Amino acid sequence: MKKTLFLSPPSFDGFDGGAGSRYQAKREITSFWYPTWLAQPAALVPGSKLVDAPPHSQTVEDVLKIALDYELIIMHTSTPSLANDVKCAEAIKAQNPDAQIGLIGAHVAVLPEPTLRENPIIDFVCRHEFDYTCKELAEGNSWEQIKGLSYRDNNGNILHNEDRSLIHDWDSMPSVLPIYARDLDITKYFIGYLLHPYISFYTGRGCPAKCTFCLWPQTIGGHLYRTKSPEAVGREMDEAKAIFGDRVREYMFDDDTFTIDKQRAIAISEHMKRLKLTWSCNARANLDYDTLKQLRDNGLRLLLVGFESGNQQILDGIKKGIKLEVARKFMENCRKLGITVHGTFIIGLPNENQQTIEETIRFACDISPHTIQVSIAAPYPGTELYQQAQENNWFSDTSLVANSGIQMSTLQYPNLAGAEIEDAVERMYRRFYFRPQAIIPIVGEMLTDPQMLIRRLREGREFFSYLRDRRSQGTAKTQSIVPRTEVPG
């Protein structure tokens, strides 16, 4: 077995490890998700080590000291972080030319050939669902025989082996929680709407929804939701309780749509109740009252819900599969049951204009989830949104993120410029949070929980700093743009 390092490289200040992976931008407040995509193959490789540099404030120099002892280094990358991650790989190779360095992640799953061609320092990439590909690399198997592998041979030729099948026996997949306990400091991971310390992980992969913008189902996980049985998850939570005791205040099931199988979700929630554990999960805004009540009675505290837009035409265009009136009823039921909701919204989806932006802001204020996140539509390679943007010449000349890490709009439309999309993000945040309906519950939280008081004060400072950075970034961008008389393309 090769000495194997699984690495999430250092990046710009505030670069979030979002959604169990590397997020595309700096968040509004300090936010770090667990590196679950790396932890899962690490759990398959005995003696491996997981390093998640961003939340642990580890520099390239810190990583170099660690990497010196390893033969095989597998790094998670993303579209906006690729150039930065390649620089880290170059530094590792400079001190240890014999090290084998490869990449995993959605970007290389979709673009293995150009990734290897444009970055000769990278020896291989693991395509799509890569866990067992990593395991076989660590076992020293012949690269020609490893499914799902694209690599550079001794003559510099780029070769692509046949695809690897998706994993269906999830009960046989080892838990990532012992890897977290061994290699990560759980106090370094923050999410604004989750209790601290928290832990997030998956009980399966894949999502049956067909949202055009969503990265993971279209590039790695697929649209078939493959899961661990409730009994296997129950054993995993027994192990979690034994490892972490009462140190963890909340467990987050980060499956794309954890509640899509209602009976399975209820069965898992019964294990959480047995262990007296508080938990949260991702959900679609169409869960019925009775299911919500059973989950709440079994320890559910919060639901993370993607509402995306307040305009039905936009929702239909992105194949969201949700009606606005159903989402309103869902929020009404959550409020009745005392379930906290964190709502996520996206500005700049196809058919967006100033009127639809206003509809989204009003919709968010009307349904009034406890907290919100407002993102800019990000057309990642491998998604239907990316293909649409290419076909319709919607791409601007803007990167997904600025040098500061602030997310920028790489899309523009005939009736909506990228700068208008970016401005709408701040406008929506201000309109939503500067209301008594939003402020009063947050203040109440602060008054009843001393830890929350400290957190919210810190987050408030970070939030206003983020808005200032976004405004200054937008001003600099506007000043650098030559006015055009027509839409490009």
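These exercises, with worked solutions, concern a predicted model.

**Exercise 1. Cysteines**

Determine how many disulfides the structure holds, and whether Cys207 and Cys334 are buried or exposed.

Solution.
- Step 1. A disulfide requires two cysteine sulfur atoms within 2.5 Å.
- Step 2. For Cys207, the nearest cysteine sulfur belongs to Cys214 and lies 6.3 Å away, and Cys207 is in no disulfide.
- Step 3. The count for the structure is zero disulfides.
- Step 4. Buried means under 20% relative accessible area. Cys207 has 6% and is therefore buried. Cys334, at 1%, also counts as buried.

**Exercise 2. The two faces of helix α2**

Find which residues of α2 (residues 60-67) are buried, which exposed residues lie on the face turned away from them, and what covers the buried ones.

Solution.
- Step 1. The buried residues in α2 are Val63, Leu64 and Ala67.
- Step 2. Around the helix axis these residues cover an arc of only 105°, so they sit on the same side of α2.
- Step 3. This spacing can be set against a general rule: an α-helix has 3.6 residues a turn, so residues three or four places apart point the same way.
- Step 4. On the face turned away from the buried side are the exposed residues Glu61 and Lys65.
- Step 5. The cover over the buried residues of α2 includes strand β1 (4-8) and helix α3 (82-95).

**Exercise 3. Packing of α1 and α6**

Describe how helix α1 (residues 36-44) and helix α6 (residues 131-138) cross, and name the residues in contact.

Solution.
- Step 1. The two axes come within 9 Å and cross at roughly 45°.
- Step 2. Angles under 35 degrees would count as roughly parallel and 65 to 115 as roughly perpendicular; α1 and α6 are therefore oblique to each other.
- Step 3. The crossing is right-handed.
- Step 4. From α1, the contact uses Gln40, Pro41 and Leu44; from α6, Asp131, Tyr132, Cys134 and Lys135.

**Exercise 4. Backbone features in loops**

Locate the cis peptide bond at Pro197, and place Ser368 and Asn393, which have positive phi, in their loops.

Solution.
- Step 1. His196 and Pro197 are joined by a cis peptide bond with omega about -5°. Pro197 falls in the loop between α7 (177-183) and β8 (198-201).
- Step 2. Ser368, not a glycine, has a positive phi near 50°. Its loop runs between α14 (354-367) and β15 (371-376). With a relative accessible area of 17%, Ser368 is buried.
- Step 3. Asn393 is not a glycine either, and its phi is about 55°. Asn393 lies in the loop between α15 (384-392) and α16 (418-433). At 39% relative accessibility, Asn393 is partly exposed.

Definitions and conventions:
Residues numbered from 1 in each chain as written. Predicted model: local features only at pLDDT ≥ 70, side-chain atom pairs only at ≥ 80, totals over all residues. Heavy atoms only, no water. Buried < 20%, exposed > 50% of the residue type's maximum accessible area, 1.4 Å probe, protein only. Helix = DSSP H or I, 4+ residues; strand = E, 2+ residues; numbered from the N terminus. Arc of directions from axis to C-beta. Contact = heavy atoms within 4.5 Å. Axes fitted to C-alpha atoms, helices over the stretch in contact; angles between N-to-C directions. Parallel < 35°, antiparallel > 145°, perpendicular 65-115°, else oblique. Left-handed = near helix turned anticlockwise from the far one by under 90°.
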